Amino acid sequence: MPHYVGVDLGASNVRAAVGDETATISASAREPTPDGPTGEAVTEAVREVVRAACAEAAVDPAAVAGAGLASMGRLDVDAGTVTVPSNLGDDIDGIRLVEPVATLLDLDPESVTLRGDTQAGAIGDRFHAHPAVDDLVYLTISSGIGAGVIADGDLLRGRNSNAGEVGHQTIDADGTMTCGCGQPGHWEAYCSGNNIPRFARRLFEEGTSDTALPIDDESFTAADVFAYAGRDAFADHVIDRVTALNVLGVANVVHAYAPDVVTLSGAVVTNNPDTIVDPIRDRLPPKLVVDTPEVTVSDRGDAAVLEGALVLALPDDVRA
Ligand SMILES: [Zn+2]
């Protein structure tokens, strides 16, 4: 039986998996993503993790039949590189991926597929959880917000496979909060795991006198806000504002792509399914002029993108 390799290059971890034609992970390895000093250091970490996953699976790297690579950041798929990595050192100006991995696995670079990480998540979610669904949005709310879109049965890639940056849609024309990308008013600037604490501090400055939240602590996180849900009026206020913006963001995505299914994923969702997801389900229908999709929570945990990368490695006839 042929073996395939999937890679998930995230800002925190590099992960690789080996699997068969069912895109089920049989062995895997991971390492923290090196914070530089160069893109080449990240490339070498990816190759090392691929070697480790192959060793774990007792598979000769040269015998691997195909590879799929999922990555954070802005991609140049023709060059097989990450051109603008997110959240890594400023000195990293690009990361070569396709050619070095193809060389390691003795593959034609043509048979190594590079896609955005949420795009791989959409591919994996459809393959494993919704094989009969042709219109699906896989939406991640974690340190950032992004989506992978399956439209009419195919992955919506966009130019250079960069479609789906829905976290950078403007949901606040007043631009109260500034996004990590530098632009004001983006969804991600209010509702991502990294930015909920910043948004909470801003709301607090607007005139709240009392809260049990450790709002002035440097270690204040989104998890603190959710931990105080139902016990602290200000925490409930923050969650209500975040929810209202999430409903706007999801409604915009549904209006753009008219999916049958929206699969929510990412730590903010999976750590707080009742607080985050139930209100979206409840408040979404009256906002829509298109059919209301099923809103589900991914059951693949943090393996969804890695599994999607494995699916990308499969030959077209197996994947479809
Ligand atoms: Zn932005």
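# A walk from Val238 to the zinc site

Start by selecting Val238: at 0% relative accessibility, it counts as buried. Here buried means under 20% relative accessible area, exposed means over 50%, and partly exposed is what lies in between, with a 1.4 Å probe and protein chains only. What you have open is a predicted model, in which local features need pLDDT of at least 70, side-chain atom pairs count only at pLDDT 80 or more, and totals for chains, interfaces and linings use all residues. Residues are numbered from 1 along each chain as its sequence is written, and side-chain values use heavy atoms, with hydrogens and water left out.

**Around Val238**

Val238 sits in helix H7. Helices (H or I, at least four residues) and strands (E, at least two) are DSSP runs, numbered from the N terminus. Now show what Val238 is in contact with (heavy atoms within 4.5 Å). Leaving aside neighbours within four places in sequence, you should find Ile196, Ala200, Leu203 and Val225. For a sense of scale, draw a C-alpha distance from Val238 to Val7: the two are 231 residues apart along the chain and 36 Å apart in space.

**Just past the end of H7**

Follow H7 (233-257) into the loop that leads to strand E12 (261-265), and pick Ala258 there. Its phi is near 45°, a positive value in a residue other than glycine. Most residues other than glycine have a negative phi. Ala258 is partly exposed, at 43% relative accessibility.

For another one, jump to Asp106, in the loop between helix H2 (98-104) and strand E8 (112-116). Phi of Asp106 is near 55°, again positive in a non-glycine residue. Is Asp106 buried or exposed? At 58% relative accessibility, Asp106 counts as exposed.

**Two helices that cross**

Next, colour H3 (residues 117-129) and H10 (residues 304-313). Two packed helices are described by the angle between their axes and the distance between the axes. For this pair the angle is about 80° and the axes are 7 Å apart, which makes H3 roughly perpendicular to H10. The axes are lines fitted to C-alpha atoms, for helices over the stretch in contact, and angles run from 0 to 180 degrees between N-to-C directions. Under 35 degrees would count as roughly parallel, over 145 as roughly antiparallel, 65 to 115 as roughly perpendicular, and the rest as oblique.

Show side chains at the crossing. From H3 come Asp117, Ala120, Gly121, Ile123, Gly124, Phe127 and His128, and they meet Ala304, Val305, Glu307, Gly308, Ala309, Val311 and Leu312 of H10. By class, this contact has 8 nonpolar, 4 polar and 2 charged residues. In this scheme Ala, Val, Leu, Ile, Met, Phe, Trp, Tyr, Cys and Pro are nonpolar, Asp, Glu, Lys and Arg are charged, and the others, Gly among them, are polar.

How many residues of H10 are buried? The count is 10 of its 10, with Glu307 and Leu306 among them.

From H10, step over to Asp8 in strand E1 (residues 4-9). Asp8 touches Val305 and Leu306, and also Asn13, Val14, Arg15 and Ala70, leaving aside neighbours within four places in sequence. Asp8 is buried, at 11% relative accessibility.

**A loop with distant partners**

Select Ser142, in the loop between strand E9 (136-141) and strand E10 (145-151). Ser142 is partly exposed, with a relative accessible area of 22%. Gly266 is 124 residues away along the chain, yet its C-alpha is 4.6 Å from that of Ser142. Not counting residues up to four places away in sequence, Ser142 touches Ser192, Gly193, Asn194, Gly266, Ala267 and Val268.

**Last stop: the zinc ion**

Zoom to the zinc ion. Which protein atoms are its donors? They are ND1 of His168, SG of Cys179, SG of Cys181 and ND1 of His186, lying 2.0 to 2.3 Å from the ion. Donors are N, O and S atoms within 2.8 Å of the metal (3.2 Å for Na, K and Ca), and sites may look incomplete because water is not among the atoms.

The 4 donor atoms subtend angles of 99 to 118°, so the arrangement is tetrahedral; four donors earn that label if all angles lie between 85 and 135 degrees. Along the sequence, the donor residues are spaced H-x10-C-x1-C-x4-H. Finish with a surface view: Cys181 is partly exposed at 41% relative accessible area, whereas His186 is buried at 8%.

Key: Tetrahedral: all angles 85-135°; square planar, octahedral: opposite > 155°, others 65-115°.
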